[in-house]
Structure formats: C-alpha cells, structure tokens
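Q: Please take a close look at the enclosed spaces inside this protein. What surrounds them, and how do the helices beside them pack?

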Amino acid sequence: MLTKKEKIAYGLGDTASNIVFQTVMLFLTFFYTDIFGISPAVVGTLFLVVRIVDAITDPLMGALADKTRSRFGQYRPYLLYLALPFGLISVLAFTTPDLSPTGKVWYAFTTYTLLMLAYTAINIPYSALGGALTADPNERVSIQSYRFVFGMLGGLLVTACTLPLVAWFGQGDQAKGYQLTIAAMSALGVVLFVLCFLGTRERVANPPNQQLTLQSGLQTLWQNSAWRILSLAALILLIGMVLRNTLAIYYVKYYLQQADFVTTFMTIGMLGNILGCASAQFVAARVDKRQAYIALQLIAALICAAGFWIAPEQLYLATALHFAWSFFLQMATPMLWAKMADVVDYGQWQNGIRVTGLVYSSVVFFIKLGLALGGALAGWLLAFYHYQPNTLQTTATQQGILLSFTLLPALASVLVALVMTRYPLTQSKVQRIADELAARK
C-alpha cells in the first residue's frame, strides 16, 4: 500500500496543474473578451482550433513517455524538467501587449497554443504516473481521490484568490493585475511539481521486452472496447462541464446581476468539488464504480437542470444548487481516472501489451477535445445571444446565458450516463484481471 505521504505528494502535482487548468477554464474567456478586447466569436474559434491542435499531440506525448527510460523512471522526469517552462508560458498567456486587433488575436493564438502544448508535455506524464504508482485496483480510487482533492485545492486557490489578487496587484489596471496574479500562482505551481517529483516512486512498469510503435500502440487501443467507451464519455462530460464553468462568471454577473458575488459563487462551487472528490473513495468502496458513476451523472443532471427555474433574485438557492452540482459531478471524477488504470490492465490482459502513457494521453485527448468544444461553444453561444461586454444585457441574452448554464450541461451528463451503461469493466472483473496479471509475472 502507498503511504499517505506519497499520495499527498502525487496530489500536489494536480494542485500545480489546476492552478493553470482552472484559471483557463474559469477566467481566460472573460480575460480575452473583457480585458484583452477580443470578440466572443473569435475567442470561441480560437479555443476550438488551439485545443484540437494541442489534443493531437497528446498521443504523441503518451507514446514518448512510454518509451522514456531514465534513472528517475518513465514519467517523473517530465515533472522536474518542464515545471519552469510551463510556469513562464502561463504568464505570457495572461500578458496584454499593446497590439492591433489582429495582432491581439495572433498573440492570443500563439501564447495559448504554447500554453496547451506545455500543459500536454507535463500533464500527460503526470497523469500516467498515477497508473504506475500501484497495481492494486482498490488503491487506484484512493490515489485519484487524493489527486483531485489536492487538484481542487488548486482550483479553490484560483477561485478564491484570482479576482482579489488582480485588484490588489493591478490597483485599477486589470491587465497588470492578471499578469502579476498568474506570475505568483505559476511560481507556486513550479514548486509543487518539484515536490511531486521528489515524493513519488514508480512501481508498475511496461513489460521489459515490449517493443511498441505509435501505430501498433494505437491499434492496441482501438481493440480495447473499454477504452473506446471511456473516451466517448470523457468527451461528452468535458463539453458540458467546461460550458457551465466557463459561463459561471457571466451567469453571476449578468443573470443574477451580482458582479461582486462572482468570487464567492465560484469558491463555493470549488468547495463542492473538493468535498465530492474526497467522498469518492467512500462510495467506490461500497458500490460498483460503474454503477456509481452512472448514478452520479444522473443526479448531477437533475441538479443542473433545476437551476433553469431559478429567478435572478434567488441568489442563495442558485449558489446552493451550484455547490450540489459540483459535489456530485466531482465525486465521479476520481472514479473516471481510476478507470483509466483499469483500462490499461484490461488491454494488457487481452493482448499482453501495456500502454499506460498512450491510454492516459488518448483519454486526455478526448478530454481536451471536450475542453475545446465546451469553451468554443460558450463563446459561440455568447455571440449567438448577442452578449456585449461590460453592459446591461438584454432579456434574451440573459435567458440564453441561463439556458446554456443549466439545461445544456445537464443534457451532457445524461448522455454520459447512457454511454457508460456500455462500459464492460465491473469491479469484480477488474479485480479478476488484476489477479491474473499478477499471476503471469
């Protein structure tokens, strides 16, 4: 069994990742439209193009990590060597040089592309590291619970501190405030990645004589039915999750008309995320992970859809629903990532080939594709409903924001639940596979 100290060390890596991930998901659209001055439609297209380009590199990074051999292991070295470049590029993405409108678009395109490539290069090996820490299926949910609790603590830091720090650093200059805020958070992220590197150890390696090319690895993936279903579920899940989280700031500011409540609203949601992730191991130990995941998606869908009937003056009820949605949706997240390690075992059990990096990177490919589509959809919907920055919105625009924040993410969760009914790996089957793989050694 892994010690709590090592699980915490692993979790710190996701704290570092989430400092950037949550900032991008929660604030970058708003930063581009209201601070940098790029139109919502262009931002939506920018997100889609860059994320698709970035996502294509994920399997390449996974294959590279699977082939890596060093005195530090396969996946840990990337945490050490890429932490500082990742932090520096994060600052560049939230920098606003004085450029023409076209120049701003090109600058945003370039820096956002670099940011996502750096995120890929460090986060794919980090994610795969979770599958190399232990071969025990029962420990995997525990590891991922620690990971996402600490990851959401990074998100809590972002939601609670970003806007206050922007005001404090900027002193009226929001562009400067965002730049210095991200610089401070990125410096912390660099330190946390190094602590993750120092505090973890790889125990599960690929078979020593395994010869694998990218093409043969991808063919192996496609033969894995559990991988195909999990990838589709991850894609749909992220579209809905990112759509809602991206629009949260618009929902509070323009529908609830409580601009000063944005930080509180998103912080309470992040607390729901943390408590949900912390509860995942308790639930998974008592209920089959597949059935629990389906039920949690349906509960989250009902809560999310209920928000459509919340009136603007019902601020506290809207906040309570957002907390509940965050709690139940994120309770399922450690189970999703634990399933990735199960999928790796399933593939090795089927054909003798273990592709840890490729499984994680390819599922992350669909996560990022969902991230791209969710972010792009948010921008396009804002444009469709004629959103205008920093002004009182029309009733039609307010209703469009409300619908996009509630019913559309709810629909995504229902679709995820339906997809996961086809997932073949029950908990008993996962344990049997693990036992058989152990007997082969």
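A: The answer below treats the cavities in order and then one pair of helices.

The model is predicted, so local features need pLDDT of at least 70 and side-chain atom pairs count only at pLDDT 80 or more, while totals for chains, interfaces and linings use all residues. Residues are numbered from 1 along each chain as its sequence is written, and side-chain values use heavy atoms, with hydrogens and water left out.

A search of the whole structure finds eleven cavities of 30 Å³ or more. A cavity is a set of points, on a 1 Å grid over the protein atoms alone, where a 1.4 Å probe fits but cannot get out; its lining residues have an atom within 4 Å of a point. Grid points are joined across faces, edges and corners, and a volume is the space filled by probe spheres set on the points.

The largest cavity has a volume of about 350 Å³. Of the 25 residues that line this cavity, Phe21, Phe148, Leu238, Trp337 and Ile367 are the closest to its centre. At least two lining residues come from each of H1 (4-36), H4 (101-132), H5 (137-170), H8 (225-255), H12 (333-351) and H13 (356-384). Helices here are DSSP runs (H or I, at least four residues), numbered from the N terminus. H1 supplies the largest share of the lining, six residues. By type, the lining of the largest cavity divides into 13 nonpolar, eight polar and four charged residues. Ala, Val, Leu, Ile, Met, Phe, Trp, Tyr, Cys and Pro count as nonpolar, Asp, Glu, Lys and Arg as charged, and the others, Gly among them, as polar.

The second largest cavity has a volume of about 70 Å³. Among the residues that line it are Gln22, Asn245, Met266, Asn273, His322 and Trp325. H1, H9 (262-284) and H11 each give two or more residues to this lining, and H9 gives the most, with four. Four of the lining residues are nonpolar, seven are polar and none is charged.

H11 (315-331) also packs against H10 (289-306), at an angle of about 160° and with the axes 8 Å apart. H10 is therefore roughly antiparallel to H11, a term for angles over 145 degrees. Axes are lines fitted to C-alpha atoms over the stretch in contact, and angles run from 0 to 180 degrees between N-to-C directions. In the contact (heavy atoms within 4.5 Å), residues of H10 including Leu296, Ile299 and Ile303 meet residues of H11 including Leu321, Trp325 and Phe328. The residues of this contact divide into twelve nonpolar, one polar and no charged.

Notes
Parallel < 35°, antiparallel > 145°, perpendicular 65-115°, else oblique. 1 Å grid on protein atoms, 1.4 Å probe; cavity = no way out; pocket = protein on both sides within 12 Å on 5 of 7 lines; lining within 4 Å.
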